[in-house]
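Biologist: I am new to this one, so could you show it to me and let me ask how you reach your conclusions?

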Amino acid sequence: VVWGAIWSAVRERDEVRCMLFGDGSSSSSRSKCKTRLLGFGLLSGVLTMFNIGLLGQALKYGDASTIVPLTNCSFVLTTLFALASGMEDITALKIVAVSVAIASVVCLSCDMKMS
């Protein structure tokens, strides 16, 4: 939580400055900024708790070596969404990264025993 607050303050300086001091356009600009950030924080918290709950349920039925890496591959979905929506450009490195992530989950999920 502390690291997330520090990261947000550094990464989203303009949003934090807007939340603390307003953007100068009107007297209600500060509350608009707070609402925007608080809404994002609430959505992020709900999604994180949902992910943790599903992880706990999944660990009852499967191996941790498969389930934990799978639940930590949210960056793959984020990257695919950003590429599909045109928010990011497709690069060879991104293709390789997503492919390796998917391949690693597939390899971990295979039930092959070494003798």
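Modeller: Gladly! This is a predicted model. Let us begin with helix 5, where Leu 77, Thr 78, Phe 81 and Ala 84 are exposed.

Biologist: What makes those residues of helix 5 "exposed"?

Modeller: The word is used for a relative accessible area over 50%, and Leu 77, Thr 78, Phe 81 and Ala 84 are on the exposed side of helix 5. On the other side we find the buried residues of helix 5, which spans residues 74–84: Val 76, Thr 79, Ala 82 and Leu 83.

Biologist: How do you know that the buried residues are on the same side of helix 5?

Modeller: Look at their directions around the axis: Val 76, Thr 79, Ala 82 and Leu 83 cover an arc of only 130°, so they are on the same side of helix 5.

Biologist: And what do the buried residues of helix 5 pack against?

Modeller: They pack against helix 6, residues 92–109. After helix 5 comes Gly 86, with a positive phi near 80°.

Biologist: Why is helix 4 called roughly antiparallel to helix 6?

Modeller: Helix 4 covers residues 64–71, and its axis crosses that of helix 6 at roughly 160°. Angles over 145 degrees count as roughly antiparallel, so helix 4 earns that description relative to helix 6. The two axes come within 8 Å, and the crossing is left-handed.

Biologist: Which residues make the contact between helix 4 and helix 6?

Modeller: From helix 4 there are Ser 65, Thr 66, Pro 69 and Leu 70, and from helix 6 there are Val 105, Leu 108 and Ser 109.

Biologist: Why is the pair Lys 94 and Glu 88 called a salt bridge?

Modeller: The cut-off for the nitrogen and oxygen is 4 Å. In this pair the closest N and O atoms are 2.7 Å apart, so Lys 94 and Glu 88 qualify. Side chains of opposite charge can pair when their charged atoms come close. A search of the whole structure finds one salt bridge.

Biologist: Are the two partners, Lys 94 and Glu 88, buried or exposed, or in between?

Modeller: In between! Partly exposed runs from 20% to 50%; Lys 94 has a relative accessible area of 24% and Glu 88 has 36%, so both are partly exposed.

Biologist: What makes Asn 51 partly exposed?

Modeller: Its relative accessible area is 35%, which lies between the cut-offs of 20% and 50%, so Asn 51 is partly exposed. Asn 51 lies in helix 3, residues 29–59. Asn 51 and Thr 71 are 20 residues apart in sequence and 7.5 Å apart in space, C-alpha to C-alpha.

Conventions: Residues numbered from 1 in each chain as written. Predicted model: local features only at pLDDT ≥ 70, side-chain atom pairs only at ≥ 80, totals over all residues. Heavy atoms only, no water. Buried < 20%, exposed > 50% of the residue type's maximum accessible area, 1.4 Å probe, protein only. Helix = DSSP H or I, 4+ residues; strand = E, 2+ residues; numbered from the N terminus. Arc of directions from axis to C-beta. Contact = heavy atoms within 4.5 Å. Salt bridge = Lys/Arg side-chain N within 4 Å of Asp/Glu carboxyl O. Axes fitted to C-alpha atoms, helices over the stretch in contact; angles between N-to-C directions. Parallel < 35°, antiparallel > 145°, perpendicular 65-115°, else oblique. Left-handed = near helix turned anticlockwise from the far one by under 90°.
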